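Visitor: Could you take me through one small spot in this model? I'd like a close look at a single residue and then some sense of the chain around it.

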Amino acid sequence: MADDPPPPRTRVVLGEATVHRRPADPARTDLADQTAISEALVKGLVRAQLALALRLSLVVVAGLGALPLLFAVAPAVGGFKVFGMHLPWLLLGVLSFPFLVLVGAAYVHWAERNEQDFTAVIRRPER
Amino acid sequence: MNPYLVPGLVVVVLVTIGIGVYGLRFARTTSDFLVASRSVSPSWNAAAISGEYLSAASFLGVAGLVLRYGVEVLWYPVGFAAGYLALLLFVAAPLRRSGAFTLPDFCEVRLRSTRLRRLATTFVLFIGALYLLPQLQGAGLTFATVTGGSYAWGALLVGVVVTANVAFGGMRAITFVQAFQYWLKLTALAVPILFLVLQWQSDGRPAVTPPAGAVFPAATSVVIEQDAVLDGIGPVTAGTTLHFAAGDPVPKVSTVDATFGAYWLQPGGDSGLLGTYSLILATFLGTMGLPHVLVRFYTNPDGASARRTTLVVLAMVGLFYLLPTLYGVLGRVYTPQLLMTGRTDAVVLLLPEAALGSGHLGRLLGALVTAGALAAFLSTSSGLLTSIAGVIFTDVLPPGRSGSVRDFRLATVLAAAVPTTMAIFVSDMDVSRVVGLAFAVAASSFCPLLVLGIWWRGLTDAGAIAGILVGGGSAVVAVFVTVLGADLPGNLAEFAAQPAAWTVPLAFFVMVVMSLLTSRRVPADVGATMLRLHAPESLRS
């Protein structure tokens, strides 16, 4: 290992914008050819992932985003005490973080499942 | 002065340089410098992203804001963490799969427009500088607060250490440095807070907001820095030293903005719903547009690991943000004099000695939090500098010259020069406010570009340019209006101070409408690009 000459210093072009398409497996080539079927498959995947992301952001908007409005409309809520802490402090200062992580974990789980479904459809033998 | 302080700070700087030099042994090519050859494991990467993200505004600023304004500002830490959820849901995996290293690269990949790329470069440099400046300012102020040294030397010292580290180590070294600094920052807040809470217990759990108003926990002298009117004392001129005995009530100072009693404890104060929602919008959506955050995603091997890394980051950042709130709350009990001087950002630094006394324990813990603060400045400014330098290197410097590693170092020095010089001469801008404005600019320029670019086939280069110019441009104008302190009538001033609530929807709206009007310009290969952004990598090879 120590005998290997160090690789020459090169200028690296960023962004892979000009990278040539690799000749890939037939499924990939099919997709790149943009046949009507594969176009529809990709659109379906994008739509599924977007719907998932929007649904979960709705959960966050309903769970967290509604709080300022709630506190403004019903100031009495701000006075509740739980374990000696005022409710807004408990909700914002402590519980909001595990809530966000849970939503994130759910997203990762379902997004990967969407991708597995997509891969399975593409890889399925046509005949 | 605290005798543990100088050794603590020296250790942090030496370890930072040491890890940087260690990383240098592996850094041979430009790609080593810029993207760590994409061989960084997700847990290292997540710690590095968190370490880079938790800036002075998080380490010092959040606790200071909580001390000052109470429950209303808890939206800052929540928003800073939730920004990663938005990033995870809408951006992380597709962005990684696009192969873009910087935001200008993404413009090129998705919309094939050189003009858009140049516009994005301008915004990256602006946001980067806007975010780097308060980091260096915060470093200078901390240096002045804890050592009694000069502000300018503190800012210059951090500026030089960071520049040298980025120029000689690049990002591979930075990845290890950042990961180390996340754990240092977490330890520096978590260990002292254990002792502080125990102390609070053994003091008989003094009330955070006593019904009769806050009182001094011990004999305290306060130097008044501006002419002001004090409740129950009357007018006081600048430079007066006031002495208070333990148990004396803390007077309100007319020149210092802070909230007390029920307003501190319960929401619904005078900041207004618009301000709260604007802040939520800016922090939720601004994180994805910060240049130093996006660069990190390139170091993940594929889209799925980018997603998992982001989830770990969300957990790590959330864990961290549990702590500053406690400092702010205990600051109400042990350091109420900060509410008189207005230097609430110093609460994290001063609390250990104020609560535990100036024995060995208090001083050791004081040195620990100061070392953590230094780590916060170092890591965030290193990350910012790496990404600004990367953009200067690829988009500003003339291409095609030999000795490109030297060019990257030149780009680093160029990127550091302007913010460092500004930080030395500008010391009176409000740190946390400038950071918030950087988020607002990012949320109203790059957030719509990324979200629409990733999820909507109809986006065109003309639409993207128009949206960034109108939405991001008005946020930039709002930044200048607020920072320069222009006189505006009440309503307009509120719109300018919290621009995100109107600039973000405006940017989305303009981008969509303009794209629909120029739908002939949709790139011909949009289908292939969409496939590349969304299909799992396993289908590629």
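Guide: Let's go to B:Arg112, which counts as partly exposed because it has 16 C-beta neighbours inside 10 Å; buried would take 20 or more, and exposed 12 or fewer. Keep in mind that this is a predicted model, so everything here is read off computed coordinates.

Where does B:Arg112 sit in the chain? Look in the loop of chain B that links helix 7 (103-111) to helix 8 (114-147). The backbone is worth a glance too: phi of B:Arg112 comes out near 50 degrees, a positive value, and this residue is not a glycine.

Now zoom out to the rest of chain B. You'll count 22 helices and 4 strands there. With a radius of gyration of 24 Å, close to the 24 Å that the globule rule gives for 541 residues, chain B is as compact as a globular protein of that length. If you're setting up a box, its C-alpha atoms fill one of roughly 75 × 55 × 40 Å along the principal axes.

As for packing, 58% of the 541 residues in chain B count as buried, while B:Arg112 itself is partly exposed. Among contacts in chain B with a separation of 6 or more, 82% come from residues 24 or more positions apart.

And the confidence? Chain B has an average pLDDT of 81, with 90% of its residues scoring at least 70. For the model, ipTM is 0.86 and pTM is 0.85. One general caution: where pLDDT is low, don't read the predicted coordinates in detail.

How values were computed
Residues numbered from 1 in each chain as written. Chains lettered and ligands numbered in written order. Predicted model: local features only at pLDDT ≥ 70, side-chain atom pairs only at ≥ 80, totals over all residues. Helix = DSSP H or I, 4+ residues; strand = E, 2+ residues; numbered from the N terminus. pLDDT = per-residue confidence, 0-100. Rg over C-alpha atoms; globule rule 2.2 N^0.38 Å. Contact = placed C-beta atoms within 7 Å.
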